[in-house]
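Trainee: I would like to work through this model one question at a time. Where should we start?

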Amino acid sequence: MMSFTSTIKNAFAGLSIFISTFSFSQDPEVKTLPMGERVPMIQHQMENIDGKLFNLEALSGKNGLLIVFSCNTCPFVVGSESFEGWEKQYNELNKFAEANGFKMVLINSNEAKRKDDDSPEAMKKRALDKAYTMPYLMDKNSEVADAFGARTTPHVFLVNENMELIYTGAIDNKVDGKRTSDDNYLKNAIEAQVKGQEIKTNSTPPRGCSIKRVKK
């Protein structure tokens with residue numbers, strides 16, 4: 001029979017693994033762009049999974065652009081036993097954004113994993129497997145993520161037609177254990193912007209795995 005001490009040790013070990021895998025990882029040294037600021041690097045060319053080059057300015061819709069920093073493996077993106085993953089919403093969000101005059105783009109800035117899980121080949125496979133309906137761009141050396149102050153996968157940046165930041169943070173509050181209601185932060189921001197209303201919640205903590213940068 002397992003002793004009480006062994007039982008406690010096993011319990012803490014399991015808790016440690018859970019926290020390690022599913023904690024909200026953010027780099028305190030990364031400073032996110034201030035609200036209302038025009039986003040940088042809008043003409044910076046990034047390669048899509050089909051080999052074509054795109055920049056953020058060209059991708060923007062009449063009302064703006066929805067930018068999501070994403071990846072191929074983070075449980076907050078792809079899902080886990082305890083959370084379905086925000087990736088499951090990507091195509092629906094793209095449809096919602098387009099219906100409201102916004103375009104959508106995914107950016108992969110995990111430069112430290114570029115030779116394996118977040119290689120161009122892995123990105124292409126992921127996009128095809130999940131039938132992404134939006135561009136999936138590779139951010140070499142995490143340059144765009146650094147300029148934006150993107151912290152996690154996913155991390156959302158919604159910009160208006162002037163490429164000014166109007167919302168940043170999480171897609172919704174589905175992983176918030178203390179939530180008392182479903183808050184669709186991103187959709188609410190899009191709807192408010194289109195209606196000419198104030199975006200009441202224009203910034204929320206980004207939830208996810210840290211962007212895997214190469215240390216300089």
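**Strands, helix 4, cores and cysteines**

Trainee: How many bridges join strand 4 to strand 5 (residues 136–138)?

Mentor: Helices (H or I, at least four residues) and strands (E, at least two) are DSSP runs, numbered from the N terminus. Two strands pair if DSSP finds at least two bridges between them. Strands 4 and 5 run parallel, and Leu 106 stands opposite Tyr 136. The number of bridges joining them is 3.

Trainee: Which atoms do the side-chain values use?

Mentor: This is a predicted model, where local features need pLDDT of at least 70 and side-chain atom pairs count only at pLDDT 80 or more, while totals for chains, interfaces and linings use all residues. Residues are numbered from 1 along each chain as its sequence is written, and with hydrogens and water left out, side-chain values use heavy atoms.

Trainee: What is the bridge partner of Leu 66 in strand 4?

Mentor: Strand 3 (residues 64–70) runs parallel to strand 4, joined to it by 7 bridges. Strand 4 covers residues 102–108, of which 6 of 7 are buried (under 20% relative accessible area; exposed is over 50%, partly exposed in between; 1.4 Å probe, protein chains only). The partner of Leu 66 there is Met 104.

Trainee: Why do the buried residues of helix 4 lie on the same side, and what arc do they cover?

Mentor: In helix 4 (residues 90–99), the buried residues are Tyr 90, Leu 93, Asn 94, Phe 96 and Ala 97. They lie on the same side of helix 4 because their arc, taken from the directions from the helix axis to the C-beta atoms, is only 165 degrees.

Trainee: Which residues are exposed on the other side of helix 4?

Mentor: The buried residues of helix 4 pack against strand 3, helix 3 (75–78), strand 4 and helix 7 (185–195). Exposed on the other side are Lys 95 and Ala 99.

Trainee: Which helix gives the largest share of the largest nonpolar core?

Mentor: A nonpolar core is a set of buried Ala, Val, Leu, Ile, Met, Phe, Trp, Tyr and Cys residues joined through side-chain atoms within 4.5 Å. The largest has 35 residues, and those with the most contacts inside it are Tyr 90, Met 104, Leu 106, Leu 158 and Leu 186. Its largest share is 5 residues, from helix 7.

Trainee: How many residues are in the other core, which lies apart from it?

Mentor: Among the members of this other core are Val 39, Phe 148, Phe 157 and Met 163. Its count of residues is 21.

Trainee: How far apart in the chain are the cysteines of the disulfide?

Mentor: The whole structure has 1 disulfide (sulfur atoms within 2.5 Å). Cys 74 and Cys 209 form it, with their sulfur atoms 2.2 Å apart. Cys 74 is in the loop between strand 3 and helix 3, and Cys 209 is in strand 9 (residues 209–210), so the pair links distant parts of the chain, at a separation of 135 residues.

Trainee: What angle about the S-S bond does this link have?

Mentor: Cys 74 is buried at 3% relative accessible area, and Cys 209 is buried at 12%. Their link is right-handed, at 85 degrees.

Trainee: Why is Cys 71 not bonded to the closest cysteine, and how far away is that sulfur?

Mentor: Cys 71 is buried, with a relative accessible area of 1%. The closest cysteine sulfur, in Cys 74, is too far for a bond because the distance is 5.0 Å.

Conventions
Contact = heavy atoms within 4.5 Å.
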